[in-house]
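This report covers selected packing, sheet and backbone features of one protein chain. The sequence and structure come first, followed by the description.

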Amino acid sequence: MGDEFPSQEDVDRDIEEVLNLPDEVTVSNPVQAKKKIDESFEILKALGLPRDQQNERSALTLLSLLGLKPETPWSDSTAPLMGITPMMEFFGKHYGKVYAPNSRETVRRQTIHQFLDAGIVVINPDEPRRPTNSGKTVYQIEGGLLDLLKTWGTTEGEKGIKTDLSSVETLKKRYAQEREMKRIPIEVAPGKVMSLSPGGQNILVEKIIDDFCSVFTPGGKIVFVGDTDEKFAYFDEGLLKHLGVEIESHGKMTDVVIYHEKKNWLVLVEAVTSHGPVNPKRMSELKKLFKDSKAGLVFVTAFLDRQSMLKYLDEISWETEVWVAESPTHLIHFNGERFLGPYPEAKE
């Protein structure tokens, strides 16, 4: 799913303002700290990063991902696993650059996203199937680039980075290939296979399509599948229009929509990994979105396991179903006169 990025000017003025360092925090060698930041900045330029990423914030991010303090030589670069908050703590502790707490999202969206695209870093190398929006998400410098940066400051190293950008392209291609290999293939129609980006709720989406559908909507047709990276990964718009529903691009769909033709049901499945379940508010939104449906509406909240479900148990709306991927042949019915079926008021 695409992010709406603020302008760099707005980011610099309103979000990313560097605060004055508290009196009790000092940098042991401010001259060396500035020198190291400048060197990191030069590396970003040599790597061909976009102009909006050629700044102090990105230079500090690179240094934190290499574990480089002001006095640490480039040859001693390491590859720690780091989340965004530890990176920002590194900025302040070792370089005296304390960013406002709300700058965390700026670091993620205005630096880390671009580092990922360029193949400079990899995400969750310790657990590739960890959802990208997990609070445990970590990043690590790419191994080939780490070896190259360890030679920075030598004639060989600077020449290698400044004149042989083909190596960077190789890193980018390798990262793209690895990410593509980790994509999740799903069959949305007979003979039609698509792939979802790894991470996020897509691991659960895969289980919904493979396991839930085979048990509870056999022979059903996939109408819609959302993706962590792309809002409308698959959309059979024609089928939905045939059922009387037209969805605008900003319509907040559930993660999976299935048409159970045999029973004339539209099954709306919310995959819960970080966002909430089908609660009364969400149920009301979906009823309005699908108010013209010729098919009856069935609301399902899906979880990976029971432990995940427990966190949201008191939010789940009555007259809905809950499916837990670790027990794929069972449903939990939240009291109502029907079990896995639409209610007349669902189409009002």
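## Aromatic pairs

In this predicted model, the count of aromatic pairs comes to seven. One of them joins Phe-212 and Trp-323 in an edge-to-face arrangement, with 5.7 Å from centre to centre and 75° between the planes. Phe-212 belongs to helix H9 (residues 202-216) and Trp-323 to strand S12 (residues 321-324), so the pair ties together parts that are 111 residues apart in sequence. Phe-212 has a relative accessible area of 1% and is therefore buried. Trp-323 is also buried, at 0% relative accessibility. Ring pairs link Phe-212 and Trp-323 with Phe-216 into a cluster.

## The sheet

Strand S12 is part of an open sheet of seven strands, which has mixed pairing and the order S8-S7-S9-S10-S11-S12-S13. Its edge strands are S8 (234-235) and S13 (331-333), each of which pairs on one side only. Within the sheet, strand S7 (residues 221-225) and strand S9 (residues 256-260) pair in the antiparallel sense over four bridges. Lys-221 has Tyr-259 of S9 as its bridge partner.

Helix H11 (residues 280-289) packs on the sheet and touches strands S10 (265-271) and S11 (296-303). The direction of H11 makes about 140° with that of S11.

## Contact between H2 and H3

Away from the topic of the sheet, two helices can be described together. The axes of helix H2 (residues 30-46) and helix H3 (residues 56-66) come within 8 Å and cross at roughly 100°. Angles of 65 to 115 degrees count as roughly perpendicular, and H2 and H3 are therefore roughly perpendicular to each other. On the H2 side the contact is made by Lys-36, Ile-37, Ser-40, Phe-41, Ile-43 and Leu-44. H3 contributes Glu-56, Ser-58, Ala-59, Leu-60, Leu-62 and Leu-63. By residue class, the contact divides into eight nonpolar, two polar and two charged.

## Positive phi in loops

Two residues have a positive phi although neither is a glycine: Asn-264 and Glu-319. Their values and places are listed below.

| Residue | Phi | Loop | Relative accessibility |
|---|---|---|---|
| Asn-264 | about 55° | between S9 and S10 | 30%, partly exposed |
| Glu-319 | about 65° | between helix H12 (306-310) and S12 | 27%, partly exposed |

The loop with Asn-264 thus lies between two strands, S9 and S10, whereas the loop with Glu-319 runs between a helix, H12, and strand S12.

Technical notes. Residues are numbered from 1 along each chain as its sequence is written. This is a predicted model: local features need pLDDT of at least 70, side-chain atom pairs count only at pLDDT 80 or more; totals for chains, interfaces and linings use all residues. Side-chain values use heavy atoms; hydrogens and water are left out. Axes are lines fitted to C-alpha atoms, for helices over the stretch in contact, and angles run from 0 to 180 degrees between N-to-C directions. Angles under 35 degrees count as roughly parallel, over 145 as roughly antiparallel, 65 to 115 as roughly perpendicular and the rest as oblique. Contact means heavy atoms within 4.5 Å. Ala, Val, Leu, Ile, Met, Phe, Trp, Tyr, Cys and Pro count as nonpolar, Asp, Glu, Lys and Arg as charged, and the others, Gly among them, as polar. Rings of Phe, Tyr and Trp (its six-membered ring) pair if their centres lie within 6.5 Å; planes under 30 degrees apart count as stacked, over 60 as edge-to-face and the rest as tilted. Buried means under 20% relative accessible area, exposed over 50%, partly exposed in between (1.4 Å probe, protein chains only). Two strands pair if DSSP finds at least two bridges between them.
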